[in-house]
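Please walk through this structure with the model open beside the text. The account begins with a ligand and works outward from there.

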Amino acid sequence: ERLSNDFQFVEVGRIDPKKVPAKKRKKEFGEIYHPFTADNAASQAHRCLACGNPYCEWKCPVHNYIPNWLKLVSEGNIMKAVELCHQTNSLPEVCGRVCPQDRLCEGACTLNDGFGAVTIGSVEKYITDTAFALGWKPDMSRVKWTDKKVAVIGAGPAGLGCADILVRNGVKPVVFDRYPEIGGLLTFGIPEFKLEKSVMSRRREVFQEMGVEFRLATEVGKDVQLKDIIDEFDAVFMGMGTYTYMKGGFPGENLPGVYDALPFLVSNVNRRLGFEKDPADFIDMKGKRVVVLGGGDTAMDCNRTSIRQQAESVTCAYRRDEANMPGSRREVANAKEEGVKFLFNRQPIAIIGEDRVEGVKVVQTQLGEPDENGRRRPEVVPGSEEVIPADAVLVAFGFRPSPADWFDEQKIDTDDSGRVAAPEQAEFAFQTSNPKIFAGGDMVRGSDLVVTAIWEGRQAAEGILDYLDV
Ligand code: FAD
Ligand code: SF4
């Protein structure tokens, strides 16, 4: 069905939600985007052309019914819109905040041809936040409970996506996590200025009311053994993420003052949420000249957290050019506004210093011929060495899988790079080599995105339901 607003997008341009001015937000950790007003959300949603074959829907990894809920928002029907959002996505308010929309749904919007894509992410966030504020809760009244229960290891987006589908189908999920709050990297990774932590605690309450049980601050393999879980439950889902830090492999990486990105970000969250066990764990950038190495989302989060900790300066060195950065464009722009200095085409070759870090030696790079994937590899420009002075260095080169030591005993196969083998096309989707154990998210696909982890968790839950024959 076509809408009657064929030319609405010409009269009403794309409007992004207002941001807290950079000068102010540099000093605080809260989310930087203000919510849409009801009028903004409706008029922005009304810009949608309702394309017959919506590219946005295909590009969205969970295949949200985007034009349909945009239409409902343009009509002011939030309660129907929120139901529709939850048919495909377990955490729409989170995806609306942290998906790199410019590469996903909004990147595929037809209006990108000169008019500005529909603000899909901001509307998705608006729908769920508004519905919650109006008292909306998932309707569980028609659920027929079975006697099955499934253990979910990891309360990140993959585990939560899996638990959501299981509980809606009457299967009791019990979710274990070693951290004291749910969310995985959503809580202990992604900083508050992108995703405030009350968003996850609100979700925890919603999930608990739906019948999901959380056993937090409980590490599988330490506080509870997998073999006991296997005996107690009908099936197991693993969504444990990837936690081996990638290294640069150059001299000086072990000097005092050089930190991996995640411990830095987690120490900041722990202090802010009151989870800090020892004040010595806090990594403080106040007054320091900070150099961040890397160009992805993790690097941007390190840059902007350092700014908020009142670093003297923050410089981000990345080995490719700006166009080839893997992180979201929006977050790079936000980092620039907040005062991060970017050095593109710089490859670190050593971290220098006597007893502690004093600087990062880099060489300039230029892009060479495309490799087998069509991506142009950086090549070193001869004689271009320089030293960036630094009091602290944050290494944000990404993450590799971290297989648990009990995988062998439980006959869980991994591939050469340590990712758990759990094919989507298996007889039961995302089943591992141990038939009772399923897996999804970063630990299966390698570090990726929140929305892809949610998708795999949800699909694995379908596999588990088929396996349990419920
Ligand atoms: P995780 O989120 O890592 O969750 C795994 C959970 O398993 C953790 O809570 C962990 O404590 C738990 N666990 C592991 N082992 C055990 C055990 N033995 N016992 C109990 N619990 C265990 N993606 C985006 O889409 N947008 C972004 O803006 C973005 N920013 C990011 C910023 C940073 C700093 C990082 C590191 C990642 C970012 N990502 C972003 C990527 C995204 O966060 C991940 O792809 C996603 O969280 C993966 O979900 P997951 O459920 O597979 O794993
Ligand atoms: Fe876009 Fe992400 Fe929402 Fe999909 S889940 S519509 S990709 S913001």
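Which helices each supply at least two residues of the shell around ligand 1? They are α9 (157–168), α12 (261–273), α13 (297–308), α15 (442–445) and α16. The model is a predicted one, and what follows should be read on that footing. Around ligand 1 there are 39 residues, of which Gly-154, Gly-156, Gly-184, Gly-241 and Gly-441 come nearest. By class, this shell holds 20 nonpolar, eleven polar and eight charged residues.

The domain assignment helps to place the ligand. It gives domain 1 (8–133), domain 2 (149–242 + 401–468) and domain 3 (245–397). Ligand 1 lies between domain 2 and domain 3, because both of these domains give residues to its shell.

One of the helices in that shell, α9, can be followed in more detail. Its twelve residues should span 16 Å at 1.5 Å a residue, and the end C-alpha atoms are 17 Å apart, so the two values agree. Ten of the twelve residues are buried, and α9 is therefore largely enclosed by the rest of the structure. The buried residues are Pro-157, Ala-158, Gly-159, Leu-160, Gly-161, Cys-162, Ala-163, Asp-164, Leu-166 and Val-167. Their cover includes the strands β1 (149–153), β2 (172–176) and β4 (235–238), together with the helices α10 (197–210) and α16. After α9 comes Gly-170, which has a positive phi, near 80°.

Helix α16 also appears in the account of the nonpolar interior. The largest nonpolar core has 124 residues, and within it Val-393, Leu-394 and Ala-439 have the most contacts. Helix α16 (residues 450–468) gives the most to this core, with nine residues. In soluble globular proteins, nonpolar side chains tend to be buried together. What does Val-393 contact, leaving aside its neighbours within four places in sequence? The residues are Gly-257, Val-258, Val-291, Leu-293, Ile-351, Val-357 and Val-360.

Another helix from the shell of ligand 1, α12, contains Leu-273. Leu-273 has 15 C-beta neighbours inside 10 Å and so counts as partly exposed; a residue needs 20 or more to be buried. The C-alpha atom of Leu-273 is separated by 8.4 Å from that of Lys-197, although the two are 76 residues apart along the chain.

The second ligand has its own shell. There are 15 residues around ligand 2, and those that come nearest are Cys-60, Cys-95, Cys-99, Leu-104 and Cys-105. Two elements give two or more residues to this shell, α7 (92–98) and α8 (120–133). The largest share, three residues, comes from α8. Sorted by class, the shell around ligand 2 has nine nonpolar residues, five polar and one charged.

Helix α7 leads on to the contact between domain 1 and domain 2. The centres of these domains, taken over C-alpha atoms, are separated by 27 Å. Domain 1 brings 17 residues to the contact and domain 2 brings 21. On the side of domain 1 that touches domain 2, α7 gives the most, with five residues. That side has ten nonpolar, three polar and four charged residues.

Is Cys-85 buried or exposed? Cys-85, in helix α6 (residues 78–88), has 27 C-beta neighbours inside 10 Å and therefore counts as buried. Not counting residues up to four places away in sequence, Cys-85 touches Asn-64, Trp-69, Pro-92, Glu-124, Ile-127 and Thr-128. Asn-68 is 17 residues from Cys-85 along the chain, and their C-alpha atoms are separated by 9.5 Å.

Two loop residues remain, each with a backbone angle to check. Ala-50 has a positive phi of about 55° although it is not a glycine. Ala-50 sits in the loop between α3 (38–45) and α4 (55–59). With 16 C-beta neighbours inside 10 Å, Ala-50 counts as partly exposed. Ala-217, likewise a residue other than glycine, has a positive phi near 50°. The loop that holds Ala-217 runs between β3 (213–215) and α11 (226–232). Ala-217 has 13 C-beta neighbours inside 10 Å, so it too counts as partly exposed.

How values were computed: Residues numbered from 1 in each chain as written. Chains lettered and ligands numbered in written order. Predicted model: local features only at pLDDT ≥ 70, side-chain atom pairs only at ≥ 80, totals over all residues. Near = placed C-beta within 6 Å. Helix = DSSP H or I, 4+ residues; strand = E, 2+ residues; numbered from the N terminus. Nonpolar A, V, L, I, M, F, W, Y, C, P; charged D, E, K, R; others polar. Domains from an automatic or database assignment. Contact = placed C-beta atoms within 7 Å. Core = buried A, V, L, I, M, F, W, Y, C linked by C-beta atoms within 7 Å. Expected span 1.5 Å × (residues − 1).
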